[in-house]
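Let's walk through this protein together, one neighbourhood at a time. Keep the model open beside the text and turn it as we go.

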Amino acid sequence: MSRASLKKAAETPARRPAHRAAAAPELLALLARGGEVSGAELAATLGVTRAAVWKQVEQLRARGLGVLAEAGRGYRLDAPIELLDAARIAAAMTPRERERIGAIDVRWQIDSTSSELARGADPLPNARACLAEIQTAGRGRRGRRWQTPLAGGIALSFARRFDGGMASLSGLSLVAGIAVLRALADAGVAGAALKWPNDIVAKGQKLGGILVELGGDALGPCRAVVGIGLNVRIGAEQGSAIDQPWTDLASLAGGEAPSRNAVAGRMLARLAEALDAFGASGFAAFEREYAEHDALHGREIAVASGSETWTAIADGVTSRGALRVVRGGRAIEVDSGEVSVRATGE
Ligand code: BTN
């Protein structure tokens, strides 16, 4: 993928916000079956006029989906899509893996899957999950917006209770990253790596991001909501709205996108597994695996903290998940907080 242009960068450093009309889920579900469907058939099935069908098609197009209209034949999508489906997500897990997760809530549209889980009752240790096709107020790290391309990405949040206090959770976003890489391997996708503290990358381009938010008692039982946004297949129009170098699973897999439901199911199974192990043994149990996937190791990086930016050489992570760097010959540990890190030359 080429470096996306920086147009509209003032709106958001990550992705443009959505001010679009809600697209039509039922229409999209009909088109997602594949093939051409006439306007008359769509109108009859949906119980609306053909003009209303046209309006809904425009809403889908405004969200970057390629809906082709051929005179006298009907409408069809320019590329196949797969909508999220709770049963198909569950089918990607073993019965035992499924038991470790409570409710899996799949929504068409929501403000933010992470906000939804934060609003809910405290999760049991074996977690709850929420996924959505559209987030109207998706959040990225450091106050940025996060917009998931309709039917082209995965917006998934996973909430779990931890009893040892918030201080014991340092390194959680790195563990979530390892869980995502395990899930991608399960789905047959290789070539992804982790960029401290929260990016999933491939060949220097962003494949996804992780946002961990904590709530509850700082010293006692608390809730962690792990929110993950992953690019599965981003259309050309959708991709032009992303103002940083990006890639998607389809590109990594040689053009054929893996099933979104299968990837989502494996992500949930691997998150439940990894967060259980993290709750029992902390980040130390993941140090070696992280090192195998550390995209920054040995590279010169620029660390931005407040108004200050300095360069250093990345030297792995500590047993509590802090970034270890060498700056001017001196070893320093960097905590994620409000710091932003990028490899120089990217
Ligand atoms: C980042 O790279 O800045 C982290 C992005 C995290 C986005 C995900 S999408 C699902 C969940 N819901 C949100 O509002 N944000 C996270």
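**A guided look inside**

Val 53 is buried, with a relative accessible area of 1%; buried here means under 20% relative accessible area, exposed means over 50%, and partly exposed lies in between, using a 1.4 Å probe and protein chains only. The residue belongs to helix α3, which covers residues 50-62. Helices (H or I, at least four residues) and strands (E, at least two) are DSSP runs, numbered from the N terminus. Which residues does Val 53 contact, leaving aside its neighbours within four places in sequence? They are Leu 27, Gly 39, Leu 42, Ala 43, Val 48 and Tyr 75, where contact means heavy atoms within 4.5 Å. Leu 28 is 25 residues away along the chain from Val 53, and their C-alpha atoms are separated by 11 Å.

Before going further, a word on what you are viewing. This is a predicted model, in which local features need pLDDT of at least 70, side-chain atom pairs count only at pLDDT 80 or more, and totals for chains, interfaces and linings use all residues. Residues are numbered from 1 along each chain as its sequence is written, and side-chain values use heavy atoms, with hydrogens and water left out. The protein has a mean pLDDT (the predictor's confidence in each residue, from 0 to 100) of 89, and 91% of its residues reach 70 or more. Residues 1-21 have pLDDT below 50, and in the model this stretch has 51 contacts beyond near neighbours in sequence.

Now please find α7, residues 172-186. This helix has 15 residues and spans 21 Å from its first C-alpha to its last, close to the 21 Å expected at 1.5 Å a residue; the expected span is 1.5 Å times one less than the number of residues. Twelve of the 15 residues are buried, so α7 is mostly covered. Among the buried ones are Leu 172, Val 175, Ile 178 and Leu 181. After the helix comes Gly 188, with a positive phi near 85°.

α7 also leads us to a cavity. The model holds two cavities of 30 Å³ or more, a cavity being a set of points, on a 1 Å grid over the protein atoms alone, where a 1.4 Å probe fits but cannot get out. The second largest contains about 40 Å³ of space, with grid points joined across faces, edges and corners and the volume taken as the space filled by probe spheres set on the points. Its lining residues, which have an atom within 4 Å of a point, include Ser 173, Leu 174, Gly 177, Trp 196, Pro 197 and Tyr 290. α7 gives the most to this lining, with three residues, and β6 (193-195) supplies at least two. Two of these lining residues deserve a pause: the peptide bond from Trp 196 to Pro 197 is cis, with omega near 0°. Pro 197 sits in the loop between β6 and β7.

Another loop to visit joins β4 (128-135) and β5 (153-162), and Thr 148 is found there. Thr 148 is buried at 7% relative accessible area and touches Glu 133, Gln 135, Gly 153, Ile 154 and Ala 155, not counting residues up to four places away in sequence. Arg 142 is in this loop too, with a positive phi near 55°, and is partly exposed at 33% relative accessibility. Ala 151, also in the loop between β4 and β5, has a positive phi of about 65° and is buried at 9%.

Definitions and conventions. 1 Å grid on protein atoms, 1.4 Å probe; cavity = no way out; pocket = protein on both sides within 12 Å on 5 of 7 lines; lining within 4 Å.
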